[in-house]
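Biologist: I would love a close look at one part of this model, the sheet in the second chain and the strand at its edge. Could you walk me through that part and then place it in the wider assembly?

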Amino acid sequence: MRKLDHYKFRVFKDHIMRFLVYLSLVLVLIPLFSILYEVVKRGISVISLDFFIKPTPTVGEEGGIANAIQGTFITIGLASLIGVPIGLMSGIFLSEYNEHKLSVIVRFFNDVLSGIPSIVIGVFIYTLIVRSIGFSVIAAAFALAIIMIPIVTRTTEEALKLVPLSLREAAIALGLPRWKIIPTIVLRSARKTVVTGILLSIARIAGESAPILVTMGYWRWWFAGLDRPVANLALNVFIFATSPFESWRALAWGSALVLILIILGINIAVRIIMREKSW
Amino acid sequence: MVVPKIKVENLNAWFGKKHVLKNINMEIKENTVTAIIGPSGCGKTTFLRCLNRMHEIIPGARVSGKVIFNGINIYDKGVDPVIIRKKIGMVFQKPNPFPMMSIYDNVAIGLKLNGVRDKKALDTAVRQSLELVNLWDEVKDDLNRSGANLSGGQQQRLCIARALAVEPEVLLMDEPCSALDPISTAKIEALIRRLTENYTIVIVTHNIQQAARISDYTAFFYLGELIEYGPTKQIFENPKHELTRKYIMGEFG
């Protein structure tokens with residue numbers, strides 16, 4: 001009889017724990033869905049074809065966010081061009097040249113770098129680049145690249161470390177030098193995880209606003225050269241959300257929606273890539 | 001007297017502080033199969049991996065002594081381990097084809113990465129290597145499919161073909177049949193016998209009967225030492241050492 005009571009108590013505890021787990025799940029999802037709901041509800045009303053093909057309007061005129069979309073992609077693209085190769089190389093170094101004395105130091109400073117607030121990185125670039133060539137796409141791209149590098153480095157390192165030793169040994173036993181094994185065997189085996197890390201770092205910088213503000217500032221025109229500023233979705237949200245005009249606030253919600261959709265799109269792409277297993 | 005293909009002199013190996021191979025002296029003859037037997041943890045695999053400098057890729061691993069291959073000590077300063085491994089190939093316990101590559105590329109990769117660009121030369125090498133391991137007829141229509149979909153025995157033969165494609169002189173095999181069923185094992189054993197025409201083979205095996213079936217010479221290792229080494233017939237019919245006799249009789253292992 002006591003045994004049965006004991007069993008009932010265990011079942012009871014199981015129910016309680018399950019309830020708590022579901023409760024936390026709901027608590028986590030409420031903010032996410034209320035944000036999404038609010039952004040979609042307010043953003044969807046301004047979205048039209050014009051919204052995607054017209055640039056920032058002046059007061060009272062019709063306009064869109066085409067220049068901000070263009071600017072965001074150019075800035076992210078240039079940042080990736082700078083940040084991805086460096087992150088990739090450092091990741092390879094940390095994983096494949098683990099025995100090197102420098103690797104401990106590199107790993108430590110990479111972790112430090114990933115913890116630096118993005119506004120500090122922005123100010124750093126401000127003193128380094130903006131003060132000599134001015135607010136520009138280049139300055140913003142460098143700031144975003146610095147934010148990307150530790151993310152790409154870490155995910156690349158982790159991805160490469162997952163490649164089984166048996167594959168490396170097979171390649172070494174074929175009499176292949178290490179510099180040939182890394183791109184053809186190791187990187188190729190881990191390419192999906194590596195690409196995932198790169199995409200996630202792009203998603204991360206797509207929504208950055210603080211470092212953009214101090215390196216490029218707000219700009220309402222089309223792209224006019226890498227040494228000039230360009231419009232940006234995150235800054236659209238920042239500037240228009242606090243404006244006194246109804247139509248501009250709507251523009252902010254629309255920009256927010258497009259930004260979220262871009263980031264969501266990247267995350268979905270990651271899911272699709274990861275679904276097909278590497279091996 | 002045949003000149004030994006590989007001559008091992010005072011070979012010692014460590015993992016960190018653990019002394020796993022103690023003063024091994026041994027001569028491996030050309031175009032023969034030499035079996036390495038002994039209980040688990042006796043240093044068989046480490047010994048094998050010392051023969052093509054695979055031991056040193058493990059962090060903390062260390063080797064001393066000489067392994068003289070074609071008259072050159074492979075541990076001499078200035079000897080590139082990459083070139084040694086090209087000449088002394090290896091097949092592992094668990095079949096490990098490159099899963100992201102086609103069957104064709106699995107065999108061709110060693111040559112491709114060593115600079116062979118000529119498509120015809122690659123085709124010929126792939127075909128010859130696959131024919132040598134009797135896999136050609138089974139896979140000739142699926143050369144562009146992934147090697148990961150083959151059966152375990154086929155995968156292991158693919159790995160042997162991959163090792164043979166770079167034209168080594170010696171083939172080291174680390175329990176190549178331990179993950180395979182009896183039929184696949186029989187195929188690989190027959191293949192090993194055939195390969196002695198052109199290759200020198202050193203095989204580590206847990207299976208004493210296998211050593212008796214396929215090898216010309218047998219070395220018995222125990223606790224990191226070479227206890228007895230000689231023609232397989234003599235080791236099995238008339239072992240000189242009590243430990244060897246006990247191991248072969250299955251009294252421990």
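Modeller: Happily! Let me begin with the chain that holds the sheet. Chain B of this predicted model is built from 10 helices and 10 strands. Its radius of gyration is 18 Å, close to the 18 Å that the globule rule gives for 253 residues, so chain B is as compact as a globular protein of that length. Taken along the principal axes, the C-alpha atoms of chain B fill a box of roughly 55 × 45 × 40 Å. Of the 253 residues in chain B, 45% are buried. Among the contacts in chain B with a separation of 6 or more, 67% join residues 24 or more positions apart.

Now to the sheet itself. It is an open sheet of 6 strands in chain B, and its pairing is mixed. Reading across it, the order is β6-β7-β8-β3-β9-β10. The edges are formed by β6 (88-91) and β10 (225-231) of chain B, each of which pairs on one side only. On average, neighbouring strands of this sheet are turned by 15 degrees against each other, with direction ignored. As a general reminder, strands of a sheet pair through backbone hydrogen bonds, either parallel or antiparallel.

Let us zoom in on the edge strand β6(B). Its partner is strand β7 (residues 170-174) of chain B, and the two pair in the parallel sense over 4 bridges. Within this pairing, L171(B) of β7(B) is the residue opposite G89(B). And is β6(B), as an edge strand, covered or uncovered on its faces? Both faces are covered. On one side I88(B) and M90(B) are buried, and on the other side G89(B) and V91(B) are buried too. So much for G89(B): it stands opposite L171(B) and is itself buried.

Next, the partner chain. Chain A has 12 helices and 0 strands, so to speak a plain run of α elements from the N terminus on. With 279 residues, a compact globule would have a radius of gyration near 19 Å, but chain A has 24 Å. The C-alpha trace of chain A spans about 75 × 65 × 35 Å along its principal axes. Buried residues account for 37% of chain A. For contacts in chain A with a separation of 6 or more, 74% are between residues 24 or more positions apart.

How far can you trust chain A? Its mean pLDDT is 91, and 97% of its residues reach 70 or more. Within chain A, confidence is highest in helix α6 (residues 137-161), at a mean of 96, and lowest in helix α2 (residues 49-53), at 86.

Finally, here is where the two chains meet. The contact takes 22 residues from chain B and 18 residues from chain A. On the chain A side, α7 (165-173) and α8 (178-189) each supply at least two residues. The largest share of that side, 6 residues, comes from α7(A). Sorted by class, the side of chain A that touches chain B has 9 nonpolar, 5 polar and 4 charged residues.

Terms used:
Residues numbered from 1 in each chain as written. Chains lettered and ligands numbered in written order. Predicted model: local features only at pLDDT ≥ 70, side-chain atom pairs only at ≥ 80, totals over all residues. Contact = placed C-beta atoms within 7 Å. Nonpolar A, V, L, I, M, F, W, Y, C, P; charged D, E, K, R; others polar. Pairing = 2+ DSSP bridges. Axes fitted to C-alpha atoms, helices over the stretch in contact; angles between N-to-C directions. Buried ≥ 20, exposed ≤ 12 C-beta atoms within 10 Å, placed from the backbone. Rg over C-alpha atoms; globule rule 2.2 N^0.38 Å. pLDDT = per-residue confidence, 0-100.
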